[in-house]
Amino acid sequence: MKRHIVPPLLFGLALVVLLNADLLEVVLRQLFPAVREVMYTRIPLIDLFREHVVMVLVSSAIATALGVSLGVCVTRPPGRDFLTVVQGLSSLAQTFPPVAVLALAVPAVGFGFRPTIIALVVYSVLPILNNTIAGMEAIPRELTDASRGIGMTPLQILFFSELPLSARVIAAGVRTSVIINVGTATIGAVVGAGGLGVVIVAGLVRDNIAFVVSGAAAAAVLALSLDWLFGRLETLFFSPRARVAR
Amino acid sequence: MIEFTGVSKRYGDTVAVDSISLRVEAGEVCVLIGPSGCGKTTTLKMVNRMLNASSGVITIDGRDVASLPVEQLRRSIGYVIQSVGLLPHLSVRDNIAIVPRLNGVDRRTRYKRADELLDLIGLDPAQYRLKYPHELSGGEAQRIGVARALAADPPILLMDEPFGAVDPLNREVLQTEFLRLQRALKKTVMFVTHDLDEAIRIADTVILIKDGRIVQHATPEQILARPRDQFVRDFVGKDRALKRLSCFAVRDYIRQARQISQQDVAAYSNGEHDEEPVVWVNGPAGVLVGVLQRITAQSGAAALSAGARASFRMISLKPEDVGVAPMSSMKEALSRLLGQGMRAVPVLDERNCIIGEVRLPDIEELNQAVL
C-alpha cells in the first residue's frame, strides 16, 4: 500500500514547484545562476500547463474514439477487406512528422488549436487502432461462437464479449498514445495553440536554457503522472479478481 | 419435437449433409454419431441456425426455424459446446444468467435463477456463484455450461460433444449427472458425440451418420443387435454383443435368490440337495457375507463315490466386490460373473442385503437377439 503513495507525492511536489511562480523562480535561480531572466513572464506556466492538458485530453479522446471504432469496423465481416489498407494507412500516418501534418493542416483549418489537434490525432491513432485490432483478433473463435449460439446479436457480442475481452489491450494502446501526445503537443506552440511548447520555443529563440528546462520538465512530469495514473487504473480494473485468464 | 425434411448443406461442390430427414420426439435424447467429418455437427448446427441449410426444411414443433428471428430462435434453444465458451470476465452467476439478461429479466430474478441452476447441477451456490471461469476445473466449467443452456428453461437442448474434453472418469460422472437431469427435466435433446459408449449410455435413439447421410436410425440396443450394413458393423465394433448388454438394466432381470443365514450353514451342509443352486449366506443384519460351495475335490470326490452326504463350505465374499445394484447394467453383471467365476451375481440394495440374483443363462438368452 505504501508503495503507491510515493509516486503521487513526488509528482504532486514537482507540480507544486513548477506551477507556483515564486517557488519556480527560486529553484531556477539556483540551477541557472548565469541566466539573467529565468522566468517566462508573458503567460504564467500554470495557464500553459492547462492548455497542454486540454490539448492532450481532446486529441487522445478523438484518437481513442477513432482508433477503436476503426479497429472494430475492420474486424467485422463486412469491413475485413479494409483491414490491411487501414493498418497500412495508420502506419504511414505515424511515419509522417507531426510538424508536416501541422503545415498541411494550417491552410485548411487556420492557426491555433485545431491544426494541432489534427496533427496529434493523426500521429497517435496508430497504437490504439493496432491494439484494438490485436485485441479483437486474439479472442478465441469458440468464445464468439458460444456468444452467438446463446442468442446474442452482433452488437451484444461486441459489447458483452469482444470489447470487455480486448479492453486491456486497447487500454494499453490508449496509454501509449496519451504519453506520445504529451510530448508531441509541444509543437502546437509554433502554430499558436499554446501549451508548454510556448516556453520551450521562447527559450530556443532567445537562447534561454531556463525557459526550455521549465517547459520540458512540466511536460515530463505530466507524462510521468499520466502514465502512473493509467497503470493504477489498469490494476484497478483488470486484476486480480476480474483477470482474463486463459 | 424437431423434424428435418430433406435437409442438405453444401459448400460449393462438396456436400456436407445430404438430404437428411429425421424426427426427434419431445423429451427424447437423440444422439448423432459417426466418424469425424461425417456431418453430424453440421446437422446439429442447422437447428439453431449457426449454419443455414442449403435446402430442405427444419421445424421445431411444426414451426420452420428459418421463419423465426435468429436470436430469438437461439435463445429458445439451449446450446452446449465442447469448449463451453464461458465469458472470462463474468462471474459464474453472470455467465449462467446471460440469456435471461439478454431477454431483459431483472437482476434479482436472474441471480435467483442462477442459484437454482447451481443447485440443480449439484454445485453449492454459496461457493460457486462469485467464482470466475478460470477458477473452475474442466468438469465444473462444463456443468456451468449446461446450467447456462438451461437458464431460460428452453424445451430443446443442442449438445455438441459436450463431454469430449473431459477426462474419462469425470466424463462418466457428467454423463450420469446428465441422465439424472434429463429424467427430471425431459428436454428434447440432440447430442453429438463420436464416443459409442457415451451414445449407448445416454441415447434413447441413435442416428449413425456417414458422408452426410443417415446410415441407421434406431435405439442403441437395435443398432448393436442388428447393424444394418458392414459400415455399422465395423463402427460398433466386434464386441457389440458385450456393449449391447449396457442397454439393459439389472432390475429387469432379477431372479429370486436362495439365501441362508450364517448360523444355518452347518445344518444345510449336512442336508440332502439334488441340484446345485447358488446359495448365498447372510451375516448379521442380513448383509451378504459369502456363498456356499460344494466340496468336490479329491477327498470330496471320494466321499461322494462312497455314497456319503454332500458337504458344503462357505467362501467369504466382500459384497462390494461381487454385488451389483438394481440400476447397474447387465454388462456390469456379466463382468462380475466372469470375475468371480460364478453362475450368478447377487443384486444388493444400499445396505448390501440381497434383493435377488442375476443368472448367466438369462444373459445368454438376452444375447440370442444379436445377429
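**Burial, pairing and the chain interface**

Me: Why is Lys243(B) called buried?
Reply: Lys243(B) has a relative accessible area of 12%. Buried means under 20% relative accessible area, exposed means over 50%, and partly exposed lies in between (1.4 Å probe, protein chains only). The value of 12% falls under the first limit, so Lys243(B) is buried. The model is predicted: local features need pLDDT of at least 70, side-chain atom pairs count only at pLDDT 80 or more, and totals for chains, interfaces and linings use all residues. Residues are numbered from 1 along each chain as its sequence is written, chains are lettered from A and ligands numbered from 1 in the order in which they are written, and side-chain values use heavy atoms, with hydrogens and water left out.

Me: What makes Lys243(B) and Asp239(B) a salt bridge?
Reply: The closest N and O atoms of Lys243(B) and Asp239(B) are 3.1 Å apart. A salt bridge is a side-chain nitrogen of Lys or Arg within 4 Å of a carboxyl oxygen of Asp or Glu, so the pair qualifies. Asp239(B) is partly exposed, because its relative accessible area is 36%. Elsewhere, salt bridges with shared partners join Arg141(A), Asp145(A) and Arg148(A) into one network.

Me: How many salt bridges does the rule find over all chains?
Reply: The count is 22 over all chains. Between chain B and chain A, however, the count is 0.

Me: Why do Glu116(B) and Arg113(B) count as a salt bridge, and where do they lie?
Reply: Their closest N and O atoms are 3.0 Å apart, and this value satisfies the salt-bridge limit. Both residues belong to helix H5 (residues 107-120) of chain B, where they are 3 residues apart, about one turn of the helix. Glu116(B), at 39% relative accessibility, is partly exposed, and Arg113(B), at 23%, is partly exposed as well.

Me: What makes Arg23(B) and Glu25(B) a salt bridge?
Reply: The closest N and O atoms are 2.8 Å apart, which satisfies the same rule. Arg23(B) is partly exposed at 39%, as is Glu25(B) at 34%.

Me: How many aromatic pairs are there, and why is the pair of Phe178(B) and Phe191(B) called tilted?
Reply: The whole structure holds 5 aromatic pairs over all chains. In one of them, Phe178(B) and Phe191(B) are 5.8 Å apart centre to centre, with 55° between the planes. Rings of Phe, Tyr and Trp (its six-membered ring) pair if their centres lie within 6.5 Å; planes under 30 degrees apart are stacked, over 60 edge-to-face, and the rest tilted, so this pair is tilted. Phe178(B) lies in helix H8 (residues 168-185) and Phe191(B) in strand S8 (residues 188-193) of chain B, so the pair ties together parts that are 13 residues apart in sequence. Phe178(B) is buried at 6%, and Phe191(B) is buried at 0%. Together with Phe163(B), Phe178(B) and Phe191(B) form one aromatic cluster.

Me: How do you know that chain B and chain A are in contact?
Reply: Contact means heavy atoms within 4.5 Å, and on this basis 22 residues of chain B touch 22 residues of chain A.

Me: What is the area buried between chain B and chain A?
Reply: The two chains bury about 2,000 Å² between them, 64% of it on carbon and sulfur atoms. Buried area is the accessible area (1.4 Å probe) that two parts lose on being put together, summed over both, so this figure covers both chains.

Me: How many residue pairs are in polar contact across the interface?
Reply: The rule finds 4 such pairs, both residues being at pLDDT 80 or more. A polar contact is a pair of N or O atoms within 3.5 Å; within protein, one must be able to donate a hydrogen and the other to accept it, and residues adjacent in sequence count only if both atoms are side-chain atoms. On the side of chain B that touches chain A, helix H2 (70-75), strand S6 (77-81) and helix H4 (98-102) each supply at least two residues. H4(B) gives the most, with 4 residues. Helices (H or I, at least four residues) and strands (E, at least two) are DSSP runs, numbered from the N terminus.

Me: Why is Glu28(B) called buried, and which residues does it touch?
Reply: Glu28(B) has 11% relative accessibility and therefore counts as buried. Leaving aside residues up to four places away in sequence, Glu28(B) touches Lys187(B), Thr188(B), Val189(B), Asp204(B) and Thr205(B).
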